[in-house]
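I opened this notebook page to record what I looked up in one structure, going from the whole chain to its parts.

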Amino acid sequence: MSEQTFDWVSALSAGGHEQEDATRRLHELLLRAARFEVNRRRNALDSSVDVDQLAADAAHDALMAVMAKLHTFRGDSRFTTWVYKFALLEAAVKVRRRAWREREVSLDSDAWTRMPNLAAGPAGSAEASELMLALRRAIQEALTPHQRLVLVQVAIEGVPIDVLAERLGSTRGALYKTLHDARRKLRLRLAEQGFHIDAGRKEAAA
């Protein structure tokens, strides 16, 4: 029976040898997907990294995640398509965390005050300078220290959100919520001052 027509949910829930065989087949699928994603991102890693082990770890964690959420599969897509996403996510997270393992991430909520004025210099227009000043005031006055930290590290310094979550002992979901709330506060504060930011473009750029 092909992977597409195989009743994965039933087999993975059956118990006994049928479940063991289905779990083995699922792990093979996840490992292929994880190897693909790790190799696609391997330029982010130094040559000493064992990419096969990284893929194996990603496949293992993806298997655990799939089994924990098996009851949520509704059949809107092929099962194999659904599970590939788990493997791709776990592989991407592991590559990002490995790439940032030796890099310092500032957890100082006031780090943004040391950033250069991006609108300064010949290329900076008066309008852009005015917006930047308003933005800096909004960051200082409207955001909590935690919101400032997350906003600066993720949106400005480019720290992957899963890496920051690991350093802060938090979760991706919690930091996404923090980031969403911080952006909403900044848009409201800037709008009060006559600056209207395209929310869709800002979210897409994150």
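The entries below run from the overall fold to the cores, then to one helix pair and one further helix.

Entry 1, the chain as a whole. I noted before anything else that this is a predicted model. I looked up the secondary structure and found 9 helices and 0 strands, so I wrote the pattern along the sequence as α-α-α-α-α-α-α-α-α. I then checked burial, and 37% of the 206 residues count as buried. For contacts with a separation of 6 or more, I recorded that 65% are accounted for by residues 24 or more positions apart.

Entry 2, the cores. I asked which residues touch the most other members of the largest nonpolar core. Among its 31 residues, they are Leu26, Leu30 and Phe79. The elements that give two or more residues to this core are helix 1 (8-13), helix 2 (16-40), helix 3 and helix 4, and helix 3 supplies the largest share, with 9 residues. I followed Leu26 further and, leaving aside residues up to four places away in sequence, found that Leu26 touches Trp8, Leu12, Leu63, Val66, Met67, Phe79 and Val83. I also noted a second, separate core of 18 residues, which includes Leu143, Leu149, Val154 and Ala182.

Entry 3, helix 3 against helix 4. How are these two helices set against each other, in angle and in distance between axes? Helix 3 (residues 51-68) and helix 4 (residues 79-99) pack at an angle of about 130°, and their axes are 8 Å apart. Angles over 145 degrees would count as roughly antiparallel and 65 to 115 as roughly perpendicular, and I therefore entered the pair as oblique. The crossing of helix 3 past helix 4 is right-handed. On the helix 3 side I listed Leu54, Asp57, Ala58, Asp61, Ala62, Ala65 and Val66, which meet Phe79, Trp82, Val83, Phe86, Ala87, Glu90, Ala91, Lys94 and Val95 of helix 4. Sorted by character, the residues of this contact are 12 nonpolar, no polar and 4 charged.

Entry 4, helix 7. I looked for buried residues in helix 7 (residues 161-168) and found Ile161, Asp162, Val163, Leu164 and Ala165, and I marked Asp162 in that list as a charged residue. What covers the buried residues of helix 7? The cover includes helix 4, helix 6 (145-156) and helix 8 (172-192). Last, I checked what comes after helix 7, and Gly169 follows, with a positive phi near 70°.

Note on methods:
Residues are numbered from 1 along each chain as its sequence is written. This is a predicted model: local features need pLDDT of at least 70, side-chain atom pairs count only at pLDDT 80 or more; totals for chains, interfaces and linings use all residues. Side-chain values use heavy atoms; hydrogens and water are left out. Axes are lines fitted to C-alpha atoms, for helices over the stretch in contact, and angles run from 0 to 180 degrees between N-to-C directions. Angles under 35 degrees count as roughly parallel, over 145 as roughly antiparallel, 65 to 115 as roughly perpendicular and the rest as oblique. A crossing is left-handed if the near helix is turned anticlockwise from the far one by less than a right angle, and right-handed if clockwise. Contact means heavy atoms within 4.5 Å. A nonpolar core is a set of buried Ala, Val, Leu, Ile, Met, Phe, Trp, Tyr and Cys residues joined through side-chain atoms within 4.5 Å. Buried means under 20% relative accessible area, exposed over 50%, partly exposed in between (1.4 Å probe, protein chains only).
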